[in-house]
Amino acid sequence: VSNYFGQEYLAAIEGILTPERTAQEVAFILEQTRLAPPALVGDFGCGHGRHAIEFARRGFVVVGVDVNDEYLRLARAAAAQGLSVDFVKSDYANPPAGQFDLIVSLFGSFGFSDDASNARALGVWCGRIPPGGWLVLELWNRDMIAADFQPRRVWRPSEQLEVEERRRFDAVSNRLGIHYIYTYEDGRRAEYDIEVRLYGAAEIQ
Ligand SMILES: C[S@@+](CC[C@H](N)C(=O)[O-])C[C@H]1O[C@@H](n2cnc3c(N)ncnc32)[C@H](O)[C@@H]1O
């Protein structure tokens with residue numbers, strides 16, 4: 001997993017990941033799936049636990065899985081006592097044992113491996129969902145990104161920070177590479193690379 005997902009990434013996007021947005025996302029998933037508590041939910045690539053905690057607040061029994069110690073620490077600290085949510089450090093390709101009525105992987109947490117490993121992980125996840133259960137993936141939209149390809153994007157998460165993205169996309173391998181340059185007001189810079197496999201709707205189907 002790229003070292004991009006750290007404190008700096010979280011600080012940059014925290015402003016857009018409001019509690020209201022998270023609650024809306026969870027409500028949408030529950031509307032679509034019509035699952036009711038205390039169904040079992042796995043949040044794979046849970047990050048700092050915003051969805052896992054929201055599902056648990058609504059009475060679901062939740063396991064959040066991530067590889068990032070820092071995010072897991074924040075997630076455990078944010079989970080109120082009495083909520084049924086466990087945060088487990090693991091590659092989500094090998095999730096903790098057990099079945100889930102719903103597995104979610106949200107906000108572009110899937111697709112950082114090679115094709116065979118990504119497919120294998122999906123196979124493992126589907127094997128953990130009994131008939132009638134659900135898999136909800138929120139992915140980068142391949143077709144939208146390819147149709148309006150922007151090799152360079154600049155955005156400002158806050159007054160103090162500018163993020164420049166230098167992007168390349170290979171339409172045959174469907175891999176998007178992004179070189180991120182974070183520049184702070186005081187001149188400090190940090191650079192990161194990620195590569196993610198983009199999937200079109202037909203392929204996902
Ligand atoms: C874009 S963040 C999204 C986090 C969270 N789902 C959210 O919506 O806030 C992607 C997360 O996926 C995690 N991740 C990526 N590859 C992973 C893997 N193979 N196993 C477990 N976690 C992974 C990263 O550590 C990061 O926390």
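In this predicted model, 20 residues surround the ligand, and of these Gly45, Arg50, Asp66, Tyr92 and Leu106 come nearest. Two of the nearest residues also take part in polar pairs with the ligand: a backbone N or O atom of Gly45 is placed 2.7 Å from a ligand nitrogen atom, while a polar atom in the side chain of Arg50 lies 2.7 Å from a ligand oxygen atom. A further pair involves Asp91, where an N or O atom of the side chain is found 3.0 Å from a nitrogen atom of the ligand.

Arg50 also belongs to the packing of two helices, since helix 3 spans residues 50–57 and Arg50 is among the residues through which helix 3 touches helix 2. The axis of helix 2, which covers residues 19–33, comes within 9 Å of the axis of helix 3, and the two cross at roughly 60°. Because an angle between 35 and 65 degrees falls outside the ranges for roughly parallel and roughly perpendicular arrangements, helix 2 and helix 3 are described as oblique to each other. The crossing of these two helices is right-handed. On the side of helix 2, the contact is formed by Thr22, Ala23, Glu25, Val26, Ile29 and Leu30, and on the side of helix 3 by Arg50, His51, Glu54 and Phe55. By residue character, the contact between helix 2 and helix 3 comprises five nonpolar, two polar and three charged residues.

Backbone geometry was also examined in the segment that follows helix 2. The loop between helix 2 and strand 1, the latter comprising residues 40–44, contains Pro38, and the peptide bond that joins Pro37 and Pro38 is cis, with an omega of about 5°. Arg34 is found in the loop between helix 2 and strand 1 as well, and its phi is near 55°, a positive value in a residue other than glycine. The loop between helix 2 and strand 1 thus holds both Arg34 and Pro38.

Conventions. Residues are numbered from 1 along each chain as its sequence is written. This is a predicted model: local features need pLDDT of at least 70, side-chain atom pairs count only at pLDDT 80 or more; totals for chains, interfaces and linings use all residues. Side-chain values use heavy atoms; hydrogens and water are left out. Axes are lines fitted to C-alpha atoms, for helices over the stretch in contact, and angles run from 0 to 180 degrees between N-to-C directions. Helices (H or I, at least four residues) and strands (E, at least two) are DSSP runs, numbered from the N terminus. Angles under 35 degrees count as roughly parallel, over 145 as roughly antiparallel, 65 to 115 as roughly perpendicular and the rest as oblique. A crossing is left-handed if the near helix is turned anticlockwise from the far one by less than a right angle, and right-handed if clockwise. Contact means heavy atoms within 4.5 Å. Ala, Val, Leu, Ile, Met, Phe, Trp, Tyr, Cys and Pro count as nonpolar, Asp, Glu, Lys and Arg as charged, and the others, Gly among them, as polar. A residue is near a molecule or strand if one of its heavy atoms lies within 4 Å of it. A polar contact is a pair of N or O atoms within 3.5 Å; within protein, one must be able to donate a hydrogen and the other to accept it, and residues adjacent in sequence count only if both atoms are side-chain atoms.
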